[in-house]
Amino acid sequence: MSKKIAFLIADGMGDWPIAALAGKTPLESAHTPHMDALAREGSVGLCRTVPEGLPPGSDIANMALLGCNPAVFHTGRGPIEAAAQGLELAPEDLIWRCNLVQVSQWSEAGIMVDYSAGHIDSDTAGRLITLLRKQLGGNNGLDFHAGVQYRHLLTQSGRAQGDEARLFIRPPHDILDQPIGEDLQRFQQAPALWEAINKAAKLLADPALNPSQANAIWPWGQGKPLRLPFFAERFGMRGAVISAVDLIKGLGRAMGMTVAEVPGATGYLDTDYAGKVRTALDFLDQGDFVFVHVEAPDECGHQGSLENKVRAIEDFDAQVVGPMRAGLADQGCAMLIACDHLTPLVKRTHVADPVPFLLWPGISAGATANGFGETQAASTGLILEQGEELLPWILRSFKV
Ligand SMILES: [Zn+2]
């Protein structure tokens, strides 16, 4: 019997026990009746989504959950988002993810204040990126490409093997409230890039040109263009991804999947959950697999806001898991629920710990739990050490 799968991802939902929650995690403490009910009937376990030696980024973790080994296929965060934008790039081009950020001052004594420049809106950000493109792009091979909110791209033609390709620049969300000096020193090893970043900071400092909090650009996550196996060939399923964020769209596009657009999807607490659910259910009428990604729990983890993170998890359960469960009743569609990585509130960034996952209906005897949480997932003893094996493992069980 062929089956369909709805894979629901709450980005960064996993966490560590918190004293203020009597030793529970936000997921365990949140009111999540739908996930808890599915856990009682399904299989609950842990899955390692970040291979040893790789950083715990959403790009790497989601690539694994989509069945591709990041140790083989990952070239960088920038290249995934370039795939999302459908940028035409030569194999030798270098692609950076380029945040609009807020720093305390643009110097080695500066501090990273906000990796999102106050969650800058896409229209304002788009105007700034256009300005940077006009002023700084051109003969030096540099170009800027506007994305969503604070997430943009910077490309350098023919530099995939250049010195820049080997620089390690820390992701800005990993260095909140920390000095930026060591990264600025590294940028200086790539003079053309360093000059452009400095000019960008000067342009952004002009209030006549820039009404926002953004006062610097922050290129990171660079690499050569992404090439992934096609989902349909690999798994024999017609698949779609649904997400507000470019990196998920990029993974989907690079795998030849449908990238369904939901106009009200924002990647934050105000996202259009109902629109995502409707789009997912519509796709599953004809398609076989849908990857529904919700960004809000991760953003709240980066903020360090316990209240918002619990709310984001409760919204995910009530507005995504619940309606999907109702919409898929009796349709022979499995539900798979996971986070891509943990974003512990105490760290305010990602960690590489294995993530809890939930499959309904269950396929592993004895792996049920009385609710869905990190502790329950660890207690069943079901653990997949390679994240990219999660989907193949489930699909094999369907064929039995
Ligand atoms: Zn993530």
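Guide: Let's start with the term we'll lean on: a salt bridge here is a side-chain nitrogen of Lys or Arg within 4 Å of a carboxyl oxygen of Asp or Glu. Keep in mind that the model is predicted.

Visitor: Fine. Which residues are linked in a network of salt bridges?

Guide: Arg-170, Glu-182, Asp-183 and Arg-186.

Visitor: What makes Arg-170 and Glu-182 a salt bridge?

Guide: Their closest N and O atoms are 3.6 Å apart, and the cut-off is 4 Å, so the pair passes. The two come from distant parts of the chain: Arg-170 sits in the loop between β6 (151-156) and α7 (181-187), while Glu-182 is in helix α7, 12 residues apart.

Visitor: Why is Arg-170 called buried, and what does Glu-182 count as?

Guide: Arg-170 has 14% relative accessibility, and buried means under 20%, so the label fits. Glu-182 comes in at 39%; that falls between 20% and 50%, so it is partly exposed.

Visitor: How many salt bridges does the rule give in total?

Guide: The count comes to 17. Two of them that sit inside helices are worth a look: Lys-199 with Glu-195 at 2.9 Å, N to O, and Asp-315 with Arg-311, whose closest N and O atoms are 3.5 Å apart. Both values are within 4 Å, so both pairs qualify.

Visitor: Where do those pairs lie?

Guide: Lys-199 and Glu-195 are both in helix α8 (residues 191-204), four residues apart, about one turn of the helix. Asp-315 and Arg-311 have that spacing of four residues too, in helix α13 (residues 306-327). An α-helix has 3.6 residues a turn, so residues three or four places apart point the same way.

Visitor: Buried or exposed: what do these four residues count as?

Guide: In the α8 pair, Lys-199 has 41% relative accessibility and Glu-195 has 44%, and each counts as partly exposed. In the α13 pair, Asp-315 has 12% and counts as buried, whereas Arg-311, with 43%, is partly exposed.

Visitor: Now Asp-93. How do you know that it has no salt bridge?

Guide: Asp-93 is buried, and its nearest side chain of opposite charge, Arg-227, is 9.0 Å away. The cut-off is 4 Å, so that pair fails the rule.

Visitor: What does the side chain of Asp-93 lie 2.9 Å from, then?

Guide: One of its polar atoms lies 2.9 Å from the backbone nitrogen of Gly-158. As for where it is, Asp-93 is placed in the loop between α5 (77-85) and β3 (94-103). Leaving out residues up to four places away in sequence, Asp-93 touches residues including Ser-157, Gly-158, Arg-159 and Lys-224.

Visitor: Which domains does the assignment give?

Guide: Domain 1 is 4-75 + 228-399, and domain 2 is 82-223. The contact takes 15 residues from domain 1 and 16 residues from domain 2. Their C-alpha centres lie 29 Å apart.

Visitor: What do the two domains bury between them?

Guide: About 1200 Å², with 46% of it on carbon and sulfur atoms. Across that interface the rule finds two salt bridges, plus five residue pairs in polar contact, both at pLDDT 80 or more. On the domain 1 side, the elements that give two or more residues are α10 (246-254) and α12 (296-303). The largest share, five residues, comes from α10.

Visitor: Why is α10 called largely enclosed?

Guide: Eight of its nine residues are buried, so the rest of the structure largely encloses it. Among the buried ones are Asp-246, Lys-249 and Ala-254. The cover includes α3 (58-65), α5, β5 (142-148), β8 (239-242), β9 (258-260) and β10 (289-294). After α10 comes Gly-256, whose phi is positive, near 75°.

Visitor: Last one: what makes Met-13 buried?

Guide: Its relative accessible area is 0%, and the limit is under 20%, so Met-13 is buried by that rule. Met-13 lies in the loop between β1 (4-10) and α1 (26-29). Apart from neighbours within four places in sequence, its contacts include Leu-27, Met-35, Pro-297, Phe-316, Cys-339 and Phe-372.

Note on methods:
Residues are numbered from 1 along each chain as its sequence is written. This is a predicted model: local features need pLDDT of at least 70, side-chain atom pairs count only at pLDDT 80 or more; totals for chains, interfaces and linings use all residues. Side-chain values use heavy atoms; hydrogens and water are left out. Buried means under 20% relative accessible area, exposed over 50%, partly exposed in between (1.4 Å probe, protein chains only). Lys and Arg count as positive and Asp and Glu as negative; His and the chain ends are not counted. A polar contact is a pair of N or O atoms within 3.5 Å; within protein, one must be able to donate a hydrogen and the other to accept it, and residues adjacent in sequence count only if both atoms are side-chain atoms. Contact means heavy atoms within 4.5 Å. Domain bounds come from an automatic or database domain assignment. Buried area is the accessible area (1.4 Å probe) that two parts lose on being put together, summed over both.
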